[in-house]
Amino acid sequence: MGNLENAAAGLKKMFIASVGAVVCAVLAIIPIVNILAGIALLVFSILSMVGLYGAGKDIEGCKKAFTLTIVNIVVSAVGAFLKNGFLGVIVSIVGYVLSFLVVYLVCTSVSEVMNQIGAADVAQKGESVWKINAGCYGVLIVVAILAKIPVLSVIAGIAAIIVAIISLVASVLYMIFLNKSSKALNA
């Protein structure tokens with residue numbers, strides 16, 4: 001295994017950005033700080049991309065995840081114009097798939113590195129994180145479809161609330177994985 005300084009620094013940035021994003025998401029509920037939280041979320045998103053780009057210099061899966069993140073930004077921009085109707089659902093589903101693939105690529109490629117450096121316990125956390133996210137994104141896709149069926153929209157709303165809570169847990173687990181991975185690379 002070669003020098004992994006870029007990966008360690010990149011994962012640390014991604015960890016900081018993930019913590020910041022979760023805090024912003026929680027603060028966005030409060031109307032008075034909503035705009036500030038939105039601006040901070042943009043800053044943390046950029047920091048996360050910088051970290052992912054840096055990690056991608058050492059870890060091929062992170063490089064692929066960075067590319068998919070760029071593609072997802074384009075898809076999200078298109079989706080902003082297609083919020084309603086069938087095309088809006090399709091764009092949302094594509095966005096969910098791309099978001100999941102980013103998490104999957106980061107978790108699996110970083111876990112592979114963790115195994116190579118003898119940090120199997122950290123690698124196992126990465127596997128758990130992508131599997132939990134797979135379930136969350138799968139439910140989000142079903143919710144996106146059900147929400148367009150008037151008779152099932154209430155069920156979709158309830159499922160969306162449940163998946164939001166589970167997604168918060170998945171985000172915390174992802175943060176822990178990024179932090180432990182960064183620390184393992186710096187050890």
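This briefing covers the nonpolar cores, three buried residues and two pockets of the structure above. The model is predicted. Its largest nonpolar core holds 33 residues, and its largest pocket has a volume of about 1400 Å³. Helix H4 is the top contributor to the largest core and also to the lining of the second largest pocket.

**The nonpolar cores**

- Among the 33 residues of the largest nonpolar core, those touching the most other members are Val106, Val110, Met114, Tyr174 and Leu185.
- Two or more residues of this core come from each of helix H1 (5-27), helix H2 (34-56), helix H3 (60-81), helix H4 (85-116), helix H5 (120-146) and helix H6 (153-186).
- The biggest share comes from H4, which gives 10 residues to this core.
- Met114 touches Ala119, Ala120, Val122, Ala123, Ser181, Ala184 and Leu185, when residues up to four places away in sequence are not counted.
- A second core, separate from the largest one, has 5 residues, including Phe100, Cys136, Leu140 and Val163.

**Val110, a member of the largest core**

- Val110 is found in helix H4.
- Val110 counts as buried because its relative accessibility is 0%, and the cut-off for buried is under 20%.
- Not counting residues up to four places away in sequence, Val110 touches Leu11, Ile59, Cys62, Leu105, Phe177 and Ser181.
- Val110 and Glu60 are 50 residues apart along the chain, and 9.3 Å separates their C-alpha atoms.

**Ser111, the next residue in the chain**

- Ser111 has its place in helix H4.
- Its relative accessibility is 8%, so Ser111 counts as buried.
- The side chain of Ser111 reaches the backbone oxygen of Cys107 at 2.6 Å.
- Ser111 also touches Val106, Ala123, Gly126, Glu127 and Phe177, with residues up to four places away in sequence left out.
- Phe177 is thus among the residues touched by Ser111 and among those touched by Val110.

**Asn72 in helix H3**

- Asn72 is placed in helix H3.
- Asn72 is buried because its relative accessible area is 12%, and buried means under 20%.
- Leaving aside neighbours within four places in sequence, Asn72 is in contact with Gly95, Leu98 and Ser99.
- Ser99 is also one of the residues that lie nearest the centre of the largest pocket.

**The largest pocket**

- The volume of the largest pocket is about 1400 Å³.
- Its lining has 33 residues, and Ala21, Leu41, Ser99, Tyr137 and Ser171 lie nearest the centre.
- At least two lining residues come from each of H1, H2, H3, H4, H5 and H6.
- H1 gives the most to this lining, with 7 residues.
- The lining of the largest pocket consists of 23 nonpolar and 10 polar residues, with no charged residues.

**The second largest pocket**

- The second largest pocket holds about 180 Å³ of space.
- It is lined by 13 residues, of which Val75, Ser76, Gly79, Val91 and Ser92 lie nearest its centre.
- H3 and H4 are the elements that give two or more residues to this lining.
- H4 gives the most to the lining of the second largest pocket, with 6 residues.
- By class, this lining has 5 nonpolar, 7 polar and 1 charged residues.

Conventions: Residues are numbered from 1 along each chain as its sequence is written. This is a predicted model: local features need pLDDT of at least 70, side-chain atom pairs count only at pLDDT 80 or more; totals for chains, interfaces and linings use all residues. Side-chain values use heavy atoms; hydrogens and water are left out. A nonpolar core is a set of buried Ala, Val, Leu, Ile, Met, Phe, Trp, Tyr and Cys residues joined through side-chain atoms within 4.5 Å. Buried means under 20% relative accessible area, exposed over 50%, partly exposed in between (1.4 Å probe, protein chains only). Helices (H or I, at least four residues) and strands (E, at least two) are DSSP runs, numbered from the N terminus. Contact means heavy atoms within 4.5 Å. A polar contact is a pair of N or O atoms within 3.5 Å; within protein, one must be able to donate a hydrogen and the other to accept it, and residues adjacent in sequence count only if both atoms are side-chain atoms. On a 1 Å grid over the protein atoms alone, a cavity is a set of points where a 1.4 Å probe fits but cannot get out, and a pocket is an open set with protein on both sides within 12 Å along at least five of seven lines; lining residues have an atom within 4 Å of a point. Grid points are joined across faces, edges and corners, and a volume is the space filled by probe spheres set on the points. Ala, Val, Leu, Ile, Met, Phe, Trp, Tyr, Cys and Pro count as nonpolar, Asp, Glu, Lys and Arg as charged, and the others, Gly among them, as polar.
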